[in-house]
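Welcome! Here are some short exercises to work through with the model open beside you. Try each task yourself before you read its solution.

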Amino acid sequence: MQTIKELQDEVIEEFDGLDDWMDKYQMLIDLGNDLEPLEERYKTPENIIEGCQSRVWVQCDYVDGRLQLSADSDALIVKGIIALLIRVLNNQTPADILGSELYFIDRIGLRDHLSPTRSNGLLAMIKQIRAYAVAYSSVG
């Protein structure tokens with residue numbers, strides 16, 4: 001099982017291979033397209049991320065001490081962003097999620113290339129995943 005740091009370094013390496021931001025946006029769209037669709041039963045008001053301009057749903061299950069994350073969005077770029085977060089944080093323990101600094105977002109230049117509303121949405125997604133980690137860290 002890869003650590004959050006190893007997964008972030010992998011993402012940084014993949015994005016470093018792309019020079020142009022149009023290519024990086026295309027990669028985000030591709031990642032979003034590769035994301036397993038979220039089952040309709042999870043597209044509930046409880047799973048919607050507040051603070052996102054587009055609709056984003058994040059479902060979290062706690063299995064064998066690890067968070068199992070799934071998500072979906074009605075916007076292509078946003079779906080790619082949540083796919084990246086899931087790739088890095090899925091199947092990790094609450095303690096690992098809470099103890100990690102998500103440096104890959106700045107290192108790939110994502111924060112600099114998002115509109116303020118998308119940037120707020122990204123922060124809201126991270127905040128929600130960390131809230132799940134906090135909630136499940138007491139279950140242990």
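**Exercise 1. Find the loop that holds Asn91, and decide what its backbone and surroundings look like.**

Step 1: Asn91 sits in the loop between H3 and H4. Helices here are DSSP runs of H or I with at least four residues, strands are runs of E with at least two, and both are numbered from the N terminus.

Step 2: Asn91 has a positive phi of about 65°, although it is not a glycine. For background, most residues other than glycine have a negative phi.

Step 3: With 24% relative accessibility, Asn91 counts as partly exposed. On this scale buried means under 20% relative accessible area, exposed means over 50%, and partly exposed lies in between (1.4 Å probe, protein chains only).

A note on the source: this is a predicted model, in which local features need pLDDT of at least 70 and side-chain atom pairs count only at pLDDT 80 or more, while totals for chains, interfaces and linings use all residues. Residues are numbered from 1 along each chain as its sequence is written, and side-chain values use heavy atoms, with hydrogens and water left out.

**Exercise 2. Is Gln92 buried or exposed, and which residues does Gln92 contact?**

Step 1: Gln92 belongs to the loop between H3 and helix H4 (94-98).

Step 2: Gln92 counts as buried, because its relative accessibility is 3%.

Step 3: Leaving aside neighbours within four places in sequence, Gln92 is in contact (heavy atoms within 4.5 Å) with Gln2, Thr3, Ile4, Leu7, Arg66, Leu67 and Ile97.

Step 4: The side chain of Gln92 also reaches the backbone oxygen of Gln2, at 3.1 Å.

**Exercise 3. Describe the loop between S1 and S2, using Asp64 and Gly65.**

Step 1: Asp64 lies in the loop between strand S1 (56-63) and strand S2 (66-73), and Gly65 is found in that loop between S1 and S2 too.

Step 2: Asp64 is exposed, with a relative accessible area of 76%, whereas Gly65 counts as partly exposed at 27%.

Step 3: The phi of Asp64 is near 50°, a positive value in a residue other than glycine.

Step 4: Not counting residues up to four places away in sequence, Gly65 touches Thr93 and Pro94.

**Exercise 4. How do H2 and H6 each pack with H3?**

Step 1: The axes of helix H2 (residues 21-34) and H3 come within 7 Å and cross at roughly 75°. That makes H2 roughly perpendicular to H3. Axes are lines fitted to C-alpha atoms, for helices over the stretch in contact, and angles run from 0 to 180 degrees between N-to-C directions. Angles under 35 degrees count as roughly parallel, over 145 as roughly antiparallel, 65 to 115 as roughly perpendicular and the rest as oblique.

Step 2: Where H2 meets H3, the residues include Tyr25, Leu28 and Ile29 in H2 and Leu76, Ile77 and Lys79 in H3.

Step 3: Helix H3 (residues 76-89) packs with helix H6 (residues 116-137) at an angle of about 30°, with axes 11 Å apart. H3 and H6 are therefore roughly parallel to each other.

Step 4: In H3, Ile77, Val78, Ile81, Ile82, Leu85 and Leu89 meet Arg118, Leu122, Met125, Ile126 and Ile129 in H6.

How values were computed:
Polar contact = N/O pair within 3.5 Å; in protein donor to acceptor, adjacent residues only side chain to side chain.
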